[in-house]
Structures are given as C-alpha cells and as structure tokens.
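Colleague: Could you put the model up and go through it with me? I have a few questions about side chains first, and then about the fold.

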Amino acid sequence: SDVCSSDLPRTPATVLVNLPGAGQSGVVVTAPEVALDSPERRAAQLATAVLGGGYSTRLNAELRIRRGLTYGASAANELQPSGGVMRAAAQTKHASAAEVAQVSRDEILRLGREAPAEAELAARKAALVGGFGRSFDTTAGLAGVVLGQVERGRPLAELARTAPEIEAVTAEQVREHAARHWTPESLRTVIVGDLAAGGDALKALDPKALRLQAAELDLESPTLRR
C-alpha cells in the first residue's frame, strides 16, 4: 500500500515527557502520510503547506495571531518509499501546552472538512513552487536536489514535472487527502516540558496519556525503535 494510515501507530495517542526546569514545552502532533510515489504526494505537500507552511497558514493564524500561544507553528511532511508522516510542531508556555496540542489537532482535522479558499491555496502553491525554484539558484542547491532524487531512487525527469503537478492540485483534492489520512484515530501527540507546570490541563487532554521521565528515557531502546 502507498499509505500508512491503514497501519496505525502502536504508540499511545498521547505521550507526555517530563523535563523539569525546561523553559518551554514542545508540542508535536503527527499524522500518517502517503508514500513517495503516491499519486497523492502533491496533495499531501499542499495540505501540509496550508496547515503550517508559512506565517499566514492555519496553525499560525490560530495559535500565534488569534491566541498568542506561540511565536510560530509549523508543519512539514516526510515522504519515503514505504510511507510517510506529517508533523505539526510548536513551542509554548507550559501552562498552554495542552491548549496548543488540542488546537493543533483541531486544525489538522478541520482541513479534512473545510477545503482551503482559492487565495489560501494559491499562496501555498506559490510558496512551494518558489521554494523549489530557489533550490536551483546555486550549484550546491542543484547538487542537493539531484542527490535527493538519487538517494530515493526517483527519476531526474520527475523534477521537471514538480511545479506543474503542484499547480494542478485542487482545493477539494487537498481536503480529500486530509480527510482520508488525517483522522482522529491516526493522530499522535507528544508534549515535552515541565509537566507539573503544565497543570491539570495536561491530564484533561488525554487521561490515558503515557507519561515518561526525560531523564529515564533511553532513545536507543529497541522498543522505541520498533
């Protein structure tokens, strides 16, 4: 299959990592994505860009501009031959970590219900195409793009189709992509920060959340690598 949404992560829906004394909390919400060669890959790119690919995107509009909860929120996707992942991330005060997580999840799911407006989509297309074009401005940039294609086993001719494929994506295709892959059951949330300072809101966010101590977290554990 070219998607990983049919094989949902085995991790808990929410993981809270206690890091006493941390200056802020880091909040990351993930969702499954399509594989690198999926016909949906351009819709995936644009869905992520609409969500958090710039200052005027949905996450920033809600978290930074309207609520003042963070200096900036972002979203990025990583597409690999076997599947992919979308990550929405932000840093915030400990006391607002639960709110940032909930709003991020709400915005991810809202994209599956509400397609981007024409101007909203046009701005994200321009940013993606412009960024892609600028990657060829230097010989080092060109080498990096070519190397990326070679490493992923992708044909170099694919580069010439990138901009036209992005421009061809419709708002409804973006919405359909988000609705199909970014479901409530597939979302996973990780918050790292001073959990005591986060207060009861973190408990209310997900009573079944897995709580870990950063000092005891072994990132080399085979269990975590699975």
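Colleague: Is Arg87 buried, partly exposed or exposed?

Modeller: Bear in mind that this is a predicted model; in it Arg87 is partly exposed, with a relative accessible area of 39%.

Colleague: And which residue does Arg87 form a salt bridge with?

Modeller: The partner of Arg87 is Glu78, and the closest N and O atoms of that salt bridge are 3.4 Å apart. Glu78 is likewise partly exposed, its relative accessible area being 36%.

Colleague: How many salt bridges does a search of the whole structure find?

Modeller: The search gives 15 salt bridges. One of them is formed by Glu165 and Arg41, with 3.4 Å between the closest N and O atoms. Glu165 belongs to helix 6 (residues 162–168) and Arg41 to helix 1 (residues 41–52), so this pair ties together parts that are 124 residues apart in sequence.

Colleague: What about accessibility there, is Arg41 buried or exposed?

Modeller: Arg41 is buried, at a relative accessible area of 12%, whereas Glu165, at 23%, is partly exposed.

Colleague: Where do Asp200 and Lys203 lie?

Modeller: Both are in helix 9 (residues 200–205), 3 residues apart, which is about one turn of the helix. Asp200 and Lys203 form a salt bridge whose closest N and O atoms are 3.9 Å apart, and Asp200 is exposed, with a relative accessible area of 58%.

Colleague: Which residues do salt bridges with shared partners join into one network?

Modeller: That network consists of Arg41, Arg42, Arg154, Glu158, Arg161 and Glu165, so the bridge between Glu165 and Arg41, which ties helix 6 to helix 1, belongs to the description of that network too.

Colleague: Switching to rings, how many aromatic pairs does the search find?

Modeller: The search of the whole structure finds 1 aromatic pair. Phe132 and Phe136 form this pair in an edge-to-face arrangement, 5.1 Å from centre to centre and with 80 degrees between the planes. Phe132 is partly exposed at 22% relative accessibility, and Phe136, at 31%, also counts as partly exposed.

Colleague: Now the sheet: in what order do the strands come?

Modeller: There are 6 strands in an open sheet, ordered 3-4-2-5-1-6, and the pairing is mixed. Strand 3 (73–80) and strand 6 (210–213) stand at the edges with a single partner strand each, so one side of each has no neighbour in the sheet. From one strand to the next, the twist averages 20 degrees.

Colleague: How many bridges join strand 2 to strand 5?

Modeller: Strand 2 (residues 25–33) and strand 5 (residues 188–193) run antiparallel and are joined by 5 bridges; Thr30 stands opposite Arg188 in strand 5.

Colleague: Which strands does helix 1 touch, and which does helix 3 touch?

Modeller: Helix 1 packs on the sheet by touching strand 2, strand 3 and strand 4 (83–92), and its direction makes about 165 degrees with that of strand 3. Helix 3 (residues 97–111) also packs on the sheet, where it touches strand 1 (14–18), strand 2, strand 4 and strand 5, and its direction makes about 20 degrees with that of strand 2.

Colleague: And for the chain as a whole, how many helices and strands are there?

Modeller: The chain has 10 helices and 6 strands. Its radius of gyration is 18 Å, close to the 17 Å that the globule rule gives for 226 residues, so the chain is as compact as a globular protein of that length. Of the 226 residues, 42% count as buried.

Definitions and conventions:
Residues are numbered from 1 along each chain as its sequence is written. This is a predicted model: local features need pLDDT of at least 70, side-chain atom pairs count only at pLDDT 80 or more; totals for chains, interfaces and linings use all residues. Side-chain values use heavy atoms; hydrogens and water are left out. A salt bridge is a side-chain nitrogen of Lys or Arg within 4 Å of a carboxyl oxygen of Asp or Glu. Helices (H or I, at least four residues) and strands (E, at least two) are DSSP runs, numbered from the N terminus. Buried means under 20% relative accessible area, exposed over 50%, partly exposed in between (1.4 Å probe, protein chains only). Rings of Phe, Tyr and Trp (its six-membered ring) pair if their centres lie within 6.5 Å; planes under 30 degrees apart count as stacked, over 60 as edge-to-face and the rest as tilted. Two strands pair if DSSP finds at least two bridges between them. Axes are lines fitted to C-alpha atoms, for helices over the stretch in contact, and angles run from 0 to 180 degrees between N-to-C directions. Contact means heavy atoms within 4.5 Å. The radius of gyration is taken over C-alpha atoms; the globule rule is 2.2 Å times the number of residues to the power 0.38.
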